[in-house]
Each structure stands twice: as C-alpha cells, then as structure tokens.
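Got the model open in your viewer? Let's take a walk through it, one selection at a time.

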Amino acid sequence: MPEIKPRVELLAHTPDPLSLIYAAFRQCYHAGEVADMWPSLTCGNIPREKQAEFVAKIMESGHASPIEHVSFTFAISGVSRALTHQLVRHRIASYSQQSQRYVDASNMDYVLPPAIAANPRARERYEAFMKEVGNAYRDIKALLEEDGRGFSSREDARMVLPQAASTNIVVTMNCRTMLNFFEHRCCTRAQWEIRGVARTMLRLCREVLPEVFDHAGARCERLKFCPEGEKFTCGRYPLPEKRG
Ligand SMILES: Cc1cc2nc3c(=O)[nH]c(=O)nc-3n(C[C@H](O)[C@H](O)[C@H](O)COP(=O)(O)OP(=O)(O)OC[C@H]3O[C@@H](n4cnc5c(N)ncnc54)[C@H](O)[C@@H]3O)c2cc1C
C-alpha cells in the first residue's frame with residue numbers, strides 16, 4: 001500500500017457559463033423570450049463585461065437560483081475515504097465513487113497526513129499499520145475465496161480497510177452548491193485534506209468563471225469578519241466583536 005497524493009482535474013463545465021447565468025437572470029425581468037436573446041449573448045453582441053456587471057449586481061441581492069444552471073464536474077483521485085466521507089455530506093451534488101466492492105484493494109494506496117509524515121516515530125507506526133492492513137485484506141480475501149466466495153470476497157475483506165485508503169470520485173456541483181462548499185471547506189477550520197482539494201477546485205472554477213468565483217472562498221471572504229469565534233479563528237479577519 002504505497003503513499004499517494006491528491007489529484008483534482010476539472011473534467012467539464014456547462015458551456016457559455018456567464019451567458020447562461022445572464023440569460024437566466026434576464027428572463028426573470030424581461031418581458032420577451034430569452035431564447036431570442038441567446039444568439040446575441042454567445043456571439044459577443046452583448047459584451048462579457050456588461051453581462052458580468054449585471055450578474056454581479058443581481059447576485060449581491062441574494063437572488064441565487066440563476067447560478068444553479070451552471071455546473072462543474074471534477075475528477076478527484078488519490079484522496080482518503082475520510083475526505084470523501086466529508087465531501088458527500090454536501091447533498092446538493094452528484095457523485096460517482098470507485099467501489100470497494102468491485103475494485104480489488106490488495107495493492108491499495110493510502111494517504112499520509114503531513115503531521116504524521118513529519119514525525120518519524122508516528123510515521124513508522126503508521127506505515128507499519130498500513131502494511132499490516134494490506135496483509136490482513138489479502139489474507140481474508142484469500143480465505144473467503146477458498147470458501148467459494150469468488151468476486152464477492154472483496155466486499156467483506158474491505159471491512160479492514162482504513163479511512164486513509166485512497167479512493168477516486170467524480171463530483172458535479174452547480175455554482176450555488178460550489179459557493180456553499182467553498183464557504184465550508186476553504187476555511188482553515190476544515191480538515192487539511194479536503195481544504196487542499198477545495199482550494200484547487202476554487203482555483204479551477206475561477207479560471208472558467210471569475211465573475212462568480214473571484215470573491216468566493218471561506219465565509220470570512222464574503223463577511224469580512226471571522227464567524228468561527230475566538231477558539232477557532234485563524235486571525236485572517238477580525239472577530240465580529242473586535243471589528244472597529
Ligand atoms: C468544519 C466542519 C466541521 C463539521 N463537523 C461535522 C460533524 O462533527 N458532524 C457532522 O455530522 N457533520 C459535520 N460537518 C458537516 C456539516 O454539518 C454539513 O453537513 C456539510 O458541511 C454540508 O453542508 P451543507 O448541508 O450546507 O451542504 P448541502 O448538503 O450541499 O446543502 C446545501 C444547502 O441546502 C440546504 N439544505 C440541504 N439539505 C437540507 C435539509 N435537509 N433541510 C434544510 N436545508 C437543507 C441548506 O441551506 C444547506 O446549506 C462539518 C462541516 C465542517 C465544514
């Protein structure tokens with residue numbers, strides 16, 4: 001079970017995302033049919049800056065449903081099951097995750113937390129345990145196979161796998177969910193692994209749709225104060241009671 005590093009790739013996003021959001025917003029306030037406006041949006045007759053300005057102004061009002069029409073799909077791999085357990089708590093999203101029932105984990109990779117990597121004794125203990133887990137998985141799978149449990153031996157042998165076991169997942173979120181996800185998971189209070197993945201996802205979203213994501217991030221980026229309280233604040237922004 002060798003150590004593995006995370007990989008986050010943007011597989012796809014809704015085409016013409018800014019124009020689509022603009023069109024959805026305009027339909028709310030426009031007497032005509034937005035389908036008639038669509039060609040002039042995508043061919044550049046209504047400049048991107050004008051669309052962006054309109055979108056930014058309406059978003060400030062809290063009218064957020066138009067941004068739900070644009071989605072981003074990521075392939076996230078080389079992350080722990082501990083990370084994906086947190087990720088899938090974000091319910092307004094779609095997921096497809098590598099199955100431990102079907103995929104043989106005899107040589108499964110694992111995630112090594114940086115704090116453990118930096119402590120030689122903790123690292124030695126951790127790596128020894130990962131080795132033992134790998135041996136246990138293979139032994140149990142082989143014993144079940146002797147009992148005639150062919151392919152399905154994996155679904156029981158997997159019970160010994162640790163939260164550190166590496167996994168791959170495809171996730172699709174719309175822009176509104178993405179903003180909520182970044183508010184929760186870009187904050188320094190979030191666990192280091194999902195925070196790293198969230199920050200990479202945010203960078204990729206910004207490259208495609210800066211008009212929506214330039215000011216996205218932890219809640220403090222929007223609030224300009226830290227809502228996490230004295231015990232958990234990282235100090236980047238003042239606590240509400242300490243603001244001038
Ligand atoms: C630092 C941190 C620590 C955490 N610790 C824990 C923990 O100890 N234990 C734990 O169980 N979880 C924990 N969580 C998970 C957290 O409680 C949320 O489940 C998770 O962040 C998903 O957020 P969400 O519900 O906003 O997202 P989504 O599920 O994507 O929902 C998006 C939004 O839709 C609305 N919504 C969705 N479903 C409902 C519903 N059923 N009813 C009403 N509104 C709904 C809400 O407005 C919600 O914000 C933690 C999260 C963080 C960031």
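Before you click on anything, here is how handedness works: a crossing is left-handed if the near helix is turned anticlockwise from the far one by less than a right angle, and right-handed if clockwise. Helices (H or I, at least four residues) and strands (E, at least two) are DSSP runs, numbered from the N terminus. Keep in mind that this is a predicted model, in which local features need pLDDT of at least 70 and side-chain atom pairs count only at pLDDT 80 or more, while totals for chains, interfaces and linings use all residues. To find your way, note that residues are numbered from 1 along each chain as its sequence is written.

**Stop one: the sheet**

Select strands 1 to 4. The 4 strands form an open sheet in the order 1-2-4-3, with antiparallel pairing (two strands pair if DSSP finds at least two bridges between them). Strand 1 (7-13) and strand 3 (94-97) are at the edges with a single partner strand each, so one side of each has no neighbour in the sheet. From one strand to the next, the twist averages 20°. Angles here run from 0 to 180 degrees between N-to-C directions, and axes are lines fitted to C-alpha atoms, for helices over the stretch in contact.

Now zoom in on strand 2 (residues 71-80) and strand 4 (residues 166-174): they run antiparallel and are joined by 8 bridges. Label Val-79 and you will find it opposite Thr-167 in strand 4. Label Phe-72 as well; it stands opposite Met-173 of strand 4. Strand 4 also pairs with strand 3 in the antiparallel sense, over 4 bridges. There, Tyr-95 has Val-171 in strand 4 as its bridge partner.

**Stop two: helices 8 and 9**

Which strands does helix 8 lie across? Helix 8 lies across strand 2 and strand 4, and runs at about 125° to strand 4. Helix 9 packs on the sheet too, touching strand 1 and strand 2, and its direction makes about 150° with that of strand 2.

Next, show helix 8 (residues 175-185) with helix 9 (residues 192-208): they pack at an angle of about 140°, their axes 9 Å apart. That makes helix 8 oblique to helix 9 (angles under 35 degrees count as roughly parallel, over 145 as roughly antiparallel, 65 to 115 as roughly perpendicular and the rest as oblique). Their crossing is left-handed. Show side chains for Met-178, Phe-181, Phe-182 and Arg-185 of helix 8, then Ile-194, Arg-195, Ala-198, Leu-202 and Cys-205 of helix 9, and you have the contact (two residues are in contact if their C-beta atoms, placed from the backbone, lie within 7 Å). The residues of this contact divide into 7 nonpolar, no polar and 2 charged. For these classes, Ala, Val, Leu, Ile, Met, Phe, Trp, Tyr, Cys and Pro count as nonpolar, Asp, Glu, Lys and Arg as charged, and the others, Gly among them, as polar.

**Stop three: the ligand**

Select the ligand and its shell: Arg-89, His-90, Arg-91, Ile-92, Thr-177, Asn-180, His-184, Arg-185, Arg-189 and Ala-190 surround it. The shell has 2 nonpolar, 4 polar and 4 charged residues.

**Stop four: helix 1 and its partners**

Pick helix 1 (residues 17-29) and helix 3 (residues 48-60), whose axes come within 9 Å and cross at roughly 55°. Helix 1 and helix 3 are therefore oblique to each other, and their crossing is left-handed.

Finally, add helix 2 (residues 34-42), which packs with helix 1 at an angle of about 150°, the axes being 10 Å apart. That makes helix 1 roughly antiparallel to helix 2. Helix 1 passes helix 2 in a right-handed crossing.

Key:
Near = placed C-beta within 6 Å.
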